[in-house]
Amino acid sequence: MAVVLAAVLPAGAAQAHDNGSVRATVTPASTAPGATVEVSVTGCGGTTGTAGSGAFEGDAELTGRDGDKYTLNGSARIKHGISGTHDVTVTCDGHPHQGVGTVRIERHNPEPVSPVRAGGGGTAQLTTAAGADAEAEANEAGPGTRHAVIGLILAGVAAVAVAFRSVRRRRSE
């Protein structure tokens, strides 16, 4: 009887860890390289564990209340330069649970494939380098004397209007 129990108990314990009760959910399920993802695991006994994947820069340290009843949670950063779907392996209860979740990495190219021609009605191609250089120098110089005089005149007119209005308001009271 003892021999039978000794043979059955280790097999039963191994079967309990292989029964598929451990599940990992990665949020967002589809992400870009360099992003941080949240990993939630259910089915683990205890309050700690780790989740690893070939897509993660390092293992996600999982913590929480009793994992049999609640989720264990952690976060991981996705490696740069990878794409595709990768399996997640969770280690808890002293045992690895392979392929209990997946994460999908999609590369996004934020740069346009070719420059956008905007404005000029198609004349942008006709602009010479000399014309562009002259315009850049004019923009760097800032406003000239004419602009300064116009600004002073407008400021003076505004001051006179404010003074006239305040005198007129005092008379009406």
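## Paired strands

Five bridges join β1 to strand β3 (residues 36-42), and the two strands run antiparallel. One of the pairings places alanine 24 opposite valine 41, its bridge partner in β3. This description rests on a predicted model. Along strand β1, which covers residues 23-27, the side chains alternate: Ala24 and Val26 point to one face and are buried, whereas Arg23, Thr25 and Thr27 point to the other face and are not buried. In a regular strand the side chains alternate between the two faces of the sheet.

A second antiparallel pair is formed by strand β4 (residues 48-53) and β5, joined by four bridges. These two strands form a hairpin, with six residues between them. Within the pair, threonine 50 has glutamate 61 of β5 as its bridge partner. Strand β5 (residues 60-63) also alternates: Ala60 and Leu62 are buried and point to one face, while Glu61 and Thr63 point to the other and are not buried.

## Overall organisation

The secondary structure of the protein consists of three helices and eight strands. Read along the sequence, these elements follow the pattern α-β-β-β-β-β-β-β-β-α-α. Buried residues account for 19% of the 173 residues in the protein. The accessible surface comes to about 12300 Å², and 57% of this surface belongs to carbon and sulfur atoms. Among contacts between residues at least 6 apart in sequence, 50% join residues at least 24 apart.

## The nonpolar core

Which residues touch the most other members of the largest nonpolar core? They are Val39, Val41, Phe56 and Val90, in a core of 22 residues. Strands β1, β3, β5, β6, β7 and β8 (95-105) each supply at least two residues of this core.

Valine 41, the bridge partner of alanine 24, illustrates how one residue meets several parts of the chain. Leaving aside neighbours within four places in sequence, valine 41 is in contact with Val22, Arg23, Ala24, Leu62, Tyr70, Thr71, Leu72 and Val90.

## The surroundings of isoleucine 78

Isoleucine 78 is located in the loop between β6 (72-77) and β7 (84-92). Is this loop residue buried or exposed? Isoleucine 78 has a relative accessibility of 0% and therefore counts as buried. Beyond its neighbours within four places in sequence, isoleucine 78 is in contact with Thr31, Ala32, Pro33, Gly34, Ala35, Val37, Ala55, Phe56, Glu57, Val103 and Ile105. Arginine 104 lies 26 residues from isoleucine 78 in sequence, and their C-alpha atoms are 10.0 Å apart in space.

Threonine 31, one of the contacts of isoleucine 78, lies in strand β2 (residues 30-31). Threonine 31 is buried, because its relative accessible area is 9%, and the cut-off for buried is under 20%. Leaving aside neighbours within four places in sequence, threonine 31 is in contact with Val37, Ile78, Val103, Arg104, Ile105 and Glu106.

## The disulfide

The protein has one disulfide. A disulfide is a covalent bond between the sulfur atoms of two cysteines. Here cysteine 44 and cysteine 92 form the bond, with their sulfur atoms 2.0 Å apart. The pair links distant parts of the chain: cysteine 44 is in the loop between β3 and β4, cysteine 92 is in strand β7, and the two are 48 residues apart.

The torsion about the S-S bond is about -70°, so the disulfide is left-handed. Cysteine 44 counts as buried because its relative accessibility is 0%. Cysteine 92 counts as buried as well, at 2% relative accessibility.

## Backbone exceptions

Most residues other than glycine have a negative phi, and most peptide bonds are trans. Two places in this model depart from these rules. The peptide bond from threonine 27 to proline 28 is cis, with omega near -5°. Proline 28 lies in the loop between β1 and β2.

Aspartate 93 is not a glycine, yet has a positive phi of about 60°. This residue is found in the loop between β7 and β8. With a relative accessible area of 35%, aspartate 93 is partly exposed.

## Confidence in the model

The protein averages a pLDDT of 77, and 66% of the residues score at least 70. Which elements have the lowest and the highest mean pLDDT? Helix α1 (residues 2-17) has the lowest, at 39, and β6 has the highest, at 94.

Over residues 1-19 pLDDT stays under 50, and the model has five contacts beyond four places in sequence for this stretch. Where pLDDT is low, the predicted coordinates should not be read in detail.

How values were computed:
Residues numbered from 1 in each chain as written. Predicted model: local features only at pLDDT ≥ 70, side-chain atom pairs only at ≥ 80, totals over all residues. Heavy atoms only, no water. Buried < 20%, exposed > 50% of the residue type's maximum accessible area, 1.4 Å probe, protein only. Contact = heavy atoms within 4.5 Å. Areas by Shrake-Rupley, 256 points an atom, 1.4 Å probe, with all protein chains shown as cover. Pairing = 2+ DSSP bridges. Core = buried A, V, L, I, M, F, W, Y, C linked by side-chain atoms within 4.5 Å. Disulfide = S-S within 2.5 Å. pLDDT = per-residue confidence, 0-100.
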